[in-house]
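Notebook open. I want to look up how two chains meet and what empty space is left inside.

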Amino acid sequence: MIYINGESISILLFFVGVYGLIARRNIIKSIMSISIMQVAVILYFVSANTAPGSIPPIGDIAQTLQVADPLPQALMITDIVIGIGVTAASLTMFIHLYHRFRSTNWQKIMKKRNRYD
Amino acid sequence: MINLHWVILLPIILGTVAKLISINTAKKIIALFQAALLVYVTQIFVDVRKNGTILENIGGWPDTIGITLRADLLASAMILLSCFLFLAMVIFVHNKNYADHLFFFLFLSLESLIIGIFLSNDLFNIFVLIEAATLIITILIMYKKANVAIYDGLMYFLINVVAMSFFLMGLGMLYKKIGVLDFYALETALSQVKDPQSLILPYAFMITAVSLKAALMPLFSWLPKAHGTPSAPSVVSAILSGLYVKTGIYVFLRLQIAFSPLIDTSELFMILGFVTAIAGFILALAQKDIKLLLAYSTVSQIGVIMIGINLDNPVAYWGGLYHLMNHAIFKSTLFLTAGMIISEYKTRNLNEVNGVFEHMPAVGVATILSILGIIGAPLFNGSISKYLIASGSSGTWIEYGLILINLGTIVVFIKYGQLLFGHSGKKETADSDILEKAVVLTLSILCFLGGIFGSQLIAILFNVDLTVDLRSYVIKMLLFFGSILLGLLIYRGLFKKTNRLAFINSFELGFNEMCLSITLFFAFIVIYLKIAF
């Protein structure tokens with residue numbers, strides 16, 4: 001079962017997100033798919049740069065021999081914050097969109113939008 | 001000692017502090033600040049030109065560990081251009097009533113982020129800056145709260161976030177293989193790698209995102225909606241089309257330089273640029289909305305720039321970069337004048353606007369000068385850069401392709417130019433704001449000066465000597481006049497009465513289709529690279 005590791009699962013998750021973006025017309029599901037992609041990226045960064053048996057770079061690590069690479073983890077804290085911001089902003093915009101167009105469907109909203117032009 | 005980080009920090013700090021001052025004082029302070037920043041950036045540029053690249057490690061870390069800012073000649077020329085355009089825009093909005101505290105905060109933050117992208121030397125940093133810029137631009141293009149604004153904004157936002165997720169995934173894979181995020185450490189590290197196979201996936205992920213940012217052929221459908229939306233103030237459209245798209249091209253250029261020893265895709269991207277240019281002008285011809293026409297013409301010009309920088313020929317490369325600068329000038333003029341025309345005539349329909357020359361003389365002159373720039377008329381800046389790209393491509397099919405693209409651009413702008421002539425039906429000339437007129441006239445005169453002093457400007461900006469050979473330039477100009485005649489005939493014969501391309505507008509890509517095209521582009525790049533290497 002060596003194939004079930006963080007790396008391959010994260011790539012799988014990433015493309016699950018991409019599938020959701022392509023195949024779902026619901027805007028909330030699109031936003032959820034983007035969140036799934038972001039989680040996949042975070043999982044990739046953290047798991048791909050960790051050697052088996054190493055410990056996270058937190059607390060007193062002076063005695064430990066193997067410590068995981070701290071840089072990806074630091075980067076991913078930034079990415080988690082960005083991810084929350086992106087989700088919050090897009091949900092806010094979605095609520096406004098829903099109030100104006102009364103639909104959650106990309107296709108229907110596009111048709112209604114073009115009527116305004 | 002010149003500090004690069006202040007150039008990035010100062011606009012955003014001023015944008016925040018301006019909230020405390022009354023808006024009328026704040027506008028004057030911001031305009032003065034922009035002028036001062038321009039002087040400071042010029043100083044940086046002169047320093048880089050004399051003493052070479054400036055490298056600054058923030059936080060005093062050793063090289064390649066901390067965040068580094070790097071101003072080389074290209075980056076400092078780009079920030080010079082950004083500061084100049086932002087100064088022009090700040091003066092332009094001086095008397096507008098939509099320019100309040102929030103607008104200036106967002107606008108100056110956008111300036112900071114754009115300068116940050118140009119100076120940044122670190123891939124993750126660029127990712128963060130682009131994400132933040134995406135959010136700010138989303139708010140800015142919805143600023144006038146028109147009915148369609150929220151759809152355009154959400155669409156722009158989500159598409160760009162998806163693209164940046166691709167970028168970050170590629171970044172993760174690259175970091176796993178190479179272990180650095182710094183551009184120049186990356187360059188050295190990549191030159192040690194023997195097998196390009198292991199880098200295909202990260203490269204494909206990243207180049208997909210960057211191609212979307214630069215609006216290449218299958219991935220440009222988000223651009224016209226964002227740049228031409230009715231709810232965006234014209235300064236925002238001008239900055240987006242003139243400057244912000246260029247950050248995509250800039251990152252593309254940096255990535256290509258870093259990867260070029262291993263994965264050389266310049267031929268593929270030259271062809272993609274060609275297809276983009278053709279598709280751009282065909283779609284532009286189909287539009288009847290003033291701003292959308294200009295937005296699609298941006299797509300077409302980006303194709304020309306991509307051809308120039310991917311031709312593998314130094315003359316064409318510098319020609320492409322000079323065209324990038326020129327495009328920033330004339331496209332922002334066109335968007336600003338379009339905004340003035342729209343607010344005067346209260347319509348965005350190209351057919352309903354007539355007699356701009358008679359009704360708004362200054363705007364008419366500025367429009368005609370920048371149109372002459374974009375179609376590459378003799379003595380204007382577009383002609384120099386297009387000439388350089390064409391002479392770099394001489395002897396290949398792309399030389400004829402460029403003539404075709406220029407013919408398309410001419411037909412598009414003959415169609416656009418119809419709004420200048422005729423009678424507006426209004427008696428007196430419109431009283432536009434004096435500052436607005438001054439800004440558009442200055443920018444359009446720059447189009448002319450950029451043509452007259454073309455090779456000198458290139459020598460100053462990029463430190464390369466390119467001479468314009470008089471004989472071949474004259475031949476190019478004869479070709480240009482031929483294209484003008486042909487363009488007039490095509491316009492009169494095919495497009496004057498009816499819009500024969502209007503059916504194209506019914507093929508509009510929705511969100512899902514755009515995501516599909518991103519995925520297909522990604523798959524195409526992976527398969528192409530697997531076969532080619």
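Buried area, as I use it here, is the accessible area (1.4 Å probe) that two parts lose on being put together, summed over both. This is a predicted model, where local features need pLDDT of at least 70, side-chain atom pairs count only at pLDDT 80 or more, and totals for chains, interfaces and linings use all residues. Residues are numbered from 1 along each chain as its sequence is written, chains are lettered from A and ligands numbered from 1 in the order written, and side-chain values use heavy atoms, with hydrogens and water left out.

Entry 1, the interface. I get about 3,900 Å² buried between chain B and chain A, with carbon and sulfur atoms giving 76% of that area. Taking contact as heavy atoms within 4.5 Å, I find 41 residues of chain B touching 45 residues of chain A.

Entry 2, polar links. I looked for polar contacts (N or O atom pairs within 3.5 Å; within protein, one must be able to donate a hydrogen and the other to accept it, and residues adjacent in sequence count only if both atoms are side-chain atoms). Across the interface of chain B and chain A there are 7 such residue pairs, both residues at pLDDT 80 or more.

Which elements of chain B supply at least two residues each to the side that touches chain A? They are α5 (123-141), α6 (149-178) and α21 (511-532), with helices being DSSP runs (H or I, at least four residues) numbered from the N terminus. α6(B) gives the most, 19 residues. By class, I have 27 nonpolar, 8 polar and 6 charged residues on that side of chain B, with Gly counted as polar.

Entry 3, salt bridges. My rule is a side-chain nitrogen of Lys or Arg within 4 Å of a carboxyl oxygen of Asp or Glu. Over all chains it finds 9, and 3 across the interface of chain B and chain A. I noted Arg25(A) with Glu513(B), closest N and O atoms 4.0 Å apart. This pair runs from the loop between α1 (6-23) and α2 (27-48) of chain A to helix α21 of chain B.

Entry 4, cavities. A cavity is a set of points on a 1 Å grid over the protein atoms alone where a 1.4 Å probe fits but cannot get out; lining residues have an atom within 4 Å of a point. I count 3 cavities of 30 Å³ or more, and the largest holds about 50 Å³, volume being the space filled by probe spheres set on the points. Its lining includes Ile130(B), Met164(B), Phe167(B) and Lys213(B). α8(B) gives the largest share of that lining, 3 residues. By class the lining has 6 nonpolar, 1 polar and 1 charged residues.

How values were computed
On a 1 Å grid over the protein atoms alone, a cavity is a set of points where a 1.4 Å probe fits but cannot get out, and a pocket is an open set with protein on both sides within 12 Å along at least five of seven lines; lining residues have an atom within 4 Å of a point.
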